Amino acid sequence: MVDDDAPPPHVFNAAMGARLEVLYASPQVVAQRRRFRELVAARPGERGVDIGCGVGHLTCELANEVGPGGRVTGVDASADMLAGAAQRARTQGLEDRIDLRQADATALGLPDASADFVVTAQTWSYVSDVIAAVAEAARVLRPGGRLAVLETDWDLCVYGSPDTSLMRRIFDGRWRFEHSHLPRELNRLCRDAGLTPTHAEGFALLETSYDPHSFGAGMLAIGRNAAVRHGVDRAAADAWVDDVIERGRRGDWYFCLNRFMFVATK
């Protein structure tokens with residue numbers, strides 16, 4: 001389960017891309033993207049932007065929804081992530097509907113008022129100047145366009161474990177994110193950028209049976225590695241992970257991560 005050679009979770013290279021392929025295929029995350037797309041409500045012929053597109057799961061799904069007359073631009077700072085997104089677009093025959101570009105979330109390099117919708121999923125929590133990132137998303141939206149944001153409050157990441165204190169240390173979001181409680185700020189940030197918040201809801205990634213390929217199981221190694229890099233005792237972290245997995249194998253598995261989805265209009 002643990003891997004001392006794994007990249008830090010903020011380094012989005014090819015190795016992390018391979019991990020994301022597994023995590024993002026889990027049933028809970030597939031259901032999360034489905035609900036998020038319902039809130040985006042992409043329509044045939046529209047033009048959209050996916051900020052922090054990663055290996056392109058959401059980008060390709062949105063490209064299917066805008067149809068052959070629409071266009072989705074996937075933006076990511078990582079060349080390795082974009083390579084994965086390009087491969088997914090080729091495999092699904094969507095190259096004619098998708099543009100991919102390497103850029104920072106605070107400087108998209110896209111024209112003003114050029115998008116019907118902008119989406120960003122679990123991206124702005126990594127961005128130091130999140131105020132600039134929200135303003136940049138607002139800039140590229142046309143009047144009446146909509147912004148959809150999905151983020152996590154990492155205080156609400158819970159495993160079934162009797163050692164809740166160590167669990168909280170291992171999954172201390174401050175070690176992995178610039179903004180580990182970003183949902184608490186998003187309505188204000190959108191208003192400050194001239195947008196009007198119109199909807200907000202929670203979405204629980206909930207698991208009650210153990211699957212070594214599930215999102216919760218995959219997150220164990222990521223949380224453990226970040227914690228050890230930031231001073232948590234390696235043996236204690238490994239013992240905690242082993243205990244959680246063993247409990248799961250005995251039928252005592254619980255994982256819940258609360259995600260939050262916001263929509264705002266320009």
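**A walk through the helices and cores**

Helix H3 (residues 57-66) is followed by Gly67, whose phi is positive, near 75°. Helices here are DSSP runs of H or I with at least four residues, strands are runs of E with at least two, and both are numbered from the N terminus. Before going further, please keep in mind that this is a predicted model, in which local features need pLDDT of at least 70, side-chain atom pairs count only at pLDDT 80 or more, and totals for chains, interfaces and linings use all residues. Residues are numbered from 1 along each chain as its sequence is written, and side-chain values use heavy atoms, with hydrogens and water left out.

Let us stay with H3 for a moment. Seven of its 10 residues are buried, so H3 is largely enclosed by the rest of the structure. Buried means under 20% relative accessible area, exposed means over 50%, and partly exposed is in between, using a 1.4 Å probe and protein chains only. The buried residues of H3 are His57, Leu58, Thr59, Cys60, Leu62, Ala63 and Val66.

One partner of H3 is helix H2 (residues 27-40), and the axes of the two come within 11 Å and cross at roughly 45°. Axes are lines fitted to C-alpha atoms, for helices over the stretch in contact, and angles run from 0 to 180 degrees between N-to-C directions. H2 and H3 are therefore oblique to each other; angles under 35 degrees count as roughly parallel, over 145 as roughly antiparallel, 65 to 115 as roughly perpendicular, and the rest as oblique. Their crossing is right-handed, a label used if the near helix is turned clockwise from the far one by less than a right angle, with anticlockwise giving left-handed. From H2, Arg33, Phe36, Arg37 and Val40 meet His57, Leu58, Glu61, Leu62 and Glu65 in H3, where contact means heavy atoms within 4.5 Å. By class, this contact between H2 and H3 has four nonpolar, one polar and four charged residues. For that tally, Ala, Val, Leu, Ile, Met, Phe, Trp, Tyr, Cys and Pro count as nonpolar, Asp, Glu, Lys and Arg as charged, and the others, Gly among them, as polar.

H2 has other residues to look at. Gln28 lies in this helix and is buried, with a relative accessible area of 18%. Leaving aside residues up to four places away in sequence, Gln28 touches Phe203, Leu205, Leu206 and Glu207. Arg35 also lies in H2, but counts as partly exposed at 26% relative accessibility. With the same neighbours in sequence left out, Arg35 touches His199, Glu201, Phe203 and Met261. The C-alpha atoms of Arg35 and Leu150 are separated by 11 Å, with their positions 115 residues apart along the chain.

Now for two loop residues. Ala41 is found in the loop between H2 and E1, and has a positive phi of about 55° although it is not a glycine. Ala41 counts as partly exposed, at 35% relative accessibility. Gln122, in the loop between E4 and H5, has a positive phi near 55° and is likewise a residue other than glycine. At 13% relative accessibility, Gln122 counts as buried.

That loop leads to helix H5 (residues 130-140), where Val130, Ala133, Val134, Glu136, Ala137, Ala138 and Val140 are buried. What covers them includes strand E1 (47-51), strand E4 (115-121), strand E5 (141-159) and helix H7 (186-192).

Next come the cores. In soluble globular proteins, nonpolar side chains tend to be buried together. A nonpolar core is a set of buried Ala, Val, Leu, Ile, Met, Phe, Trp, Tyr and Cys residues joined through side-chain atoms within 4.5 Å. The largest one has 48 residues, of which Tyr159, Leu220 and Trp240 touch the most other members. Helix H8 (residues 215-229) gives the largest share of this core, seven residues. Apart from it lies another core, of 27 residues, among them Ile51, Ala105, Leu108 and Cys190.

Finally, look at H8 beside helix H9 (residues 234-249): their axes come within 9 Å and cross at roughly 165°. That makes H8 roughly antiparallel to H9. H8 passes H9 in a right-handed crossing. Leu220, Arg224 and Val228 in H8 meet residues of H9 including Ala237, Trp240, Val241 and Val244. The residues of this contact divide into seven nonpolar, no polar and three charged.
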